[in-house]
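Reader: I would like to go through the terms used for this model. Please set each one against its definition.

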Amino acid sequence: MSRVLTLTGPGGVGKTRLAHKAARDIASEFADGVRVIELGTVSDPGLLIHVMAAGLGLRDLPDVSLDKVIGQLRGKSILMVLDNCEHLAKPCGMLAGDILAAAPLVRILATSRQVLGIEGEYVLPVAPLAVLPDAIKLLTDRVAAVDPEFEVGPDNRDALVAICRRLDGIPLAIELVATWFRVLAPEEILRRLDDQLRLPSGHSPTRPARQRTLAASASWSYELCSPAERALWARLSVFHEGFTLEAAAQVTLSTQDDLLDLIAGLVDKSILRRDDENVARYLMLETVRAYGLCKLAESGYLEQVRRAHQDLLGLADASAPDSEQDQLTSQSPPAAEVLTKRELEIADLLADGASNKEIAASLVISPRTATTHVRNILQKLGFTSRVQVVGWRARTSESW
Ligand SMILES: Nc1ncnc2c1ncn2[C@@H]1O[C@H](COP(=O)(O)OP(=O)(O)OP(=O)(O)O)[C@@H](O)[C@H]1O
Ligand SMILES: [Mg+2]
């Protein structure tokens, strides 16, 4: 094991639980034992050294100082578990660095939504539960605890799987949602979860405040972010299934260079996760995304950013009001013959909602050629937007 190992990951993924288990498993390797130091409730960095001293059992130490704490640790074989460090990541990292440098037999196991950023830190991201079987098992165990008559069967199985998927297999989210089964049916819970802007609030008074609701868990992470990172989190939450740096730049009207630092900051804080692909793709958990969408709506930019996202997908006018769309499709349709065979093929793809890029990929032509074709098609049909092609196709398809 590296001398400092940090378990990272989004709120409620199970970092603390795993750290406690790991500490129990390796406790025998430390002659002077394991000390668990809970930092989640410490808000003042100035108190950090006092909390550490108390956690190390150095209560009688007069005038606690870093030097005195280090003096007590020197020569000792101790595993220090620093739990829930994210809001104090920097001072914690500095303290940990000083302790490790002066006390060679000490090891540190930290849990933090944000990496500590110290030299020699080994970062281990904690993964959510696989939906099948682990997340389903946790959900059914927790529901059974509040409703002894609860059983999994053909009637509710699909909804339970969908709930676990929607919660991305995050144990805290699953435990919070399990408390709802007392009052709501699985389908009703699912519908509530599907409404991105209505976040659930569980009833869990025994948990730390940041873990009582999904919103509180996300809010704790939001507090870790700089104003620019918060604004970016909110804007990026319009992406449903991850995004590339290029797509992020288009939707946020920024340059890729400007975004890189902020995206790195959001990855460091477990708001974004990098997918393993050749071209970096970034993913956001659904509950994190839902919180971002709330913030975007509060900021008043929701429609603007959604529109930019639809533009990117080539659906610029898909959200046009119904009356406008009806009007667009009620005109007598131009005959399909005005288009060449190739253009008809492209119109078909357009009608299926394909973006210019997707059309290019599907027909193995360059994106620029696809864009030219699309422009020509709209011009020939006398249309001003792609959504008109959908209605046109529906009305002329019989003759295709
Ligand atoms: N693998 C698991 N199986 C069952 N329950 C789990 C598992 N992992 C975590 N839990 C439960 O989920 C809840 C959240 O876990 P934990 O507190 O470890 O998350 P965390 O990542 O430390 O969250 P935070 O970032 O808020 O500190 C706890 O009630 C924990 O018992
Ligand atoms: Mg924790």
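Reader: What follows α6, and what is the sign of its phi?
Author: Asp 168 follows α6, and its phi is positive, near 55°. Helices are DSSP runs of H or I of at least four residues, numbered from the N terminus. This is a predicted model: local features need pLDDT of at least 70, side-chain atom pairs count only at pLDDT 80 or more, and totals for chains, interfaces and linings use all residues. Residues are numbered from 1 along each chain as its sequence is written, and chains are lettered from A and ligands numbered from 1 in the order in which they are written.

Reader: Which residues of α6 are called buried?
Author: Leu 160, Ile 163 and Cys 164, in the helix spanning 157–166. Buried takes 20 or more other C-beta atoms within 10 Å of the residue's own, with C-beta atoms placed from the backbone.

Reader: Why are they said to line one face of the helix?
Author: Seen down the axis of α6, they fall within an arc of 95°, so they line one face. The arc is taken over directions from the helix axis to the C-beta atoms.

Reader: What makes up the shell around ligand 1?
Author: It has 19 residues, with Gly 14, Lys 15, Thr 16, Arg 17 and Pro 171 the closest. Membership requires a C-beta atom, placed from the backbone, within 6 Å. α1 (15–26) and α7 (171–178) each supply at least two.

Reader: Which domains supply this shell?
Author: Domain 1 (4–125) and domain 2 (131–194) each give at least three residues. The bounds come from an automatic or database domain assignment.

Technical notes. A residue is buried if 20 or more other C-beta atoms lie within 10 Å of its own, exposed if 12 or fewer, and partly exposed in between; C-beta atoms are placed from the backbone.
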